[in-house]
Amino acid sequence: MAKPKVAFYWCASCGGCEEAVVDLNEDLLKVADAVDIVLWPVALDFKKKDVESLGDGEIAVSFINGAVRTKEQEEMVKLLRVKSGLVVAFGACAHLGGIPGLGNFWTRDEIFDRIYKEVPSVENPEGITPREKTTVDVGELTLPEFYDTVKTLDQIIPVDYYLPGCAPPPDLIMNAINAILKGELPEKGAVLAPKKALCDTCSRNETKPEKISIKEIKRPWEIKIDPEKCFLEQGLICLGPATRSGCGETCIKANMPCRGCFGPVDGVIDQGAKGLSMIVSILGLEDEEKMAEENVEKLINGLVDPAGTFYRFSLPASILRRKRMEVK
Ligand code: SF4
Ligand code: SF4
């Protein structure tokens, strides 16, 4: 019997999701045995025309990682959608926009100016930035259009399932692959990870007091972090209450607070807003004396880079999606 065809593709991502596939270790051999890989640009030499030559829906499942930032990425994911029975948004960037999504705080021109002209290590006297067409002696060179706005995969094509995380851990990847091979998938649109919030599975939960009251917001490098105690209790921002579990508490075990890469739990539309409202609700401002304006300001100022903290992985998927752009 023919093996199910599987594609892996990457868009705007760091490559960590590709590493996550390799991190399956010997399980990768079982996957390679059970499926027929028809596209995996990072590892195998397939071309776009190989995908084009397949019939519609012929690929059983495409795992697509990375956000969508360029025209080439948009074209490829649209092609894979037509050729695939199932599409899985693989990892935080495809799921929510991820770290590349923080680019939505700027425009394309601002990003190009910074990277190609202003960074102190750059030498570019003619101020050249990437162009879609460049004529050289031997002909015309082209680059795909770089969009102003980073989008999640489901803002471009319909997505059947989501594998969260930066990057998704091997056990969740194998669970997803096995569920697909056995045809035991949950209803369409599901996130293939536990439904509970990270706090529910966190080993520090027992040290989280009933009522937390943060009097001063601290950053991880400013204090000696107690490896047993809840981060919030220590004045450190931890997004565990507003984040889905399933990562294995990787950061918590490394004594670093959660930054939210698994995204929101079911039913929450805007993870950043949820995290922000959670933190504001535990700031210790209930004492009237301490409500003096300068005290409030000092406490709030302790929250450095709030947008980057609460929307680190989810800005393109948020209600606002990006910084407002001036209409020209
Ligand atoms: S807030 Fe963070 S450290 Fe505290 S219980 Fe939740 S996930 Fe664990
Ligand atoms: S602790 Fe939070 S940021 Fe770290 S891997 Fe888990 S969900 Fe992601």
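**View 1. The largest cavity is lined by 13 residues.** Of these, C199, C202, K208, C230 and C238 lie nearest its centre. This is a predicted model: local features need pLDDT of at least 70, side-chain atom pairs count only at pLDDT 80 or more, and totals for chains, interfaces and linings use all residues. Residues are numbered from 1 along each chain as its sequence is written, chains are lettered from A and ligands numbered from 1 in written order, and side-chain values use heavy atoms, leaving out hydrogens and water. The volume of the largest cavity is about 100 Å³. Its lining divides into 9 nonpolar, 2 polar and 2 charged residues. (Nonpolar: Ala, Val, Leu, Ile, Met, Phe, Trp, Tyr, Cys and Pro; charged: Asp, Glu, Lys and Arg; polar: the others, Gly among them.) A cavity is a set of points, on a 1 Å grid over the protein atoms alone, where a 1.4 Å probe fits but cannot get out; lining residues have an atom within 4 Å of a point. Grid points are joined across faces, edges and corners, and a volume is the space filled by probe spheres set on the points.

**View 2. The second largest cavity holds about 40 Å³ of space.** The whole structure has 2 cavities of 30 Å³ or more. F8, Y9, C17, E18, V21, F63, I64, N65 and F90 line the second largest one. β1, α1 and β3 each supply at least two of these lining residues. (Helices are DSSP runs of H or I, at least four residues; strands are runs of E, at least two; both are numbered from the N terminus.) By type, the lining has 7 nonpolar residues, 1 polar and 1 charged.

**View 3. The largest pocket offers about 440 Å³ of space.** A pocket is an open set of grid points with protein on both sides within 12 Å along at least five of seven lines. Here 25 residues form the lining, and H95, Y162, G189, V191 and P264 lie nearest the centre. The lining is mixed: 10 nonpolar, 8 polar and 7 charged residues.

**View 4. Ten-residue shell of ligand 2: L198, T243, C247, T250, C251, C258, R259, G260, C261 and F262 surround the ligand.** Each has a heavy atom within 4 Å of it. The shell comprises 6 nonpolar, 3 polar and 1 charged residue.

**View 5. Five strands form an open parallel sheet in the order β2-β1-β3-β5-β9.** β2 (36–39) and β9 (161–163) are the edge strands, each with a single partner, so one side of each has no neighbour in the sheet. Neighbouring strands are turned by 30° against each other on average, direction ignored. β1 (residues 5–10) pairs with β2 in the parallel sense over 3 bridges; pairing requires at least two DSSP bridges. K5 has D36 of β2 as its bridge partner. Helix α4 (71–83) lies across β1, β2, β3 (59–65) and β5 (84–90), and runs at about 135° to β5. (Contact: heavy atoms within 4.5 Å. Axes are lines fitted to C-alpha atoms, for helices over the stretch in contact; angles run from 0 to 180 degrees between N-to-C directions.)

**View 6. Three loops carry backbone features to check.** Most residues other than glycine have a negative phi, and most peptide bonds are trans. The bond from C166 to A167 is cis, with omega near -5°. A167 sits in the loop between β9 and α7 (170–182). N25 has a positive phi near 55°, in the loop between α1 (16–22) and α2 (26–34). D305, not a glycine, has a positive phi of about 55°. Its loop runs between α11 (293–301) and α12 (306–310).
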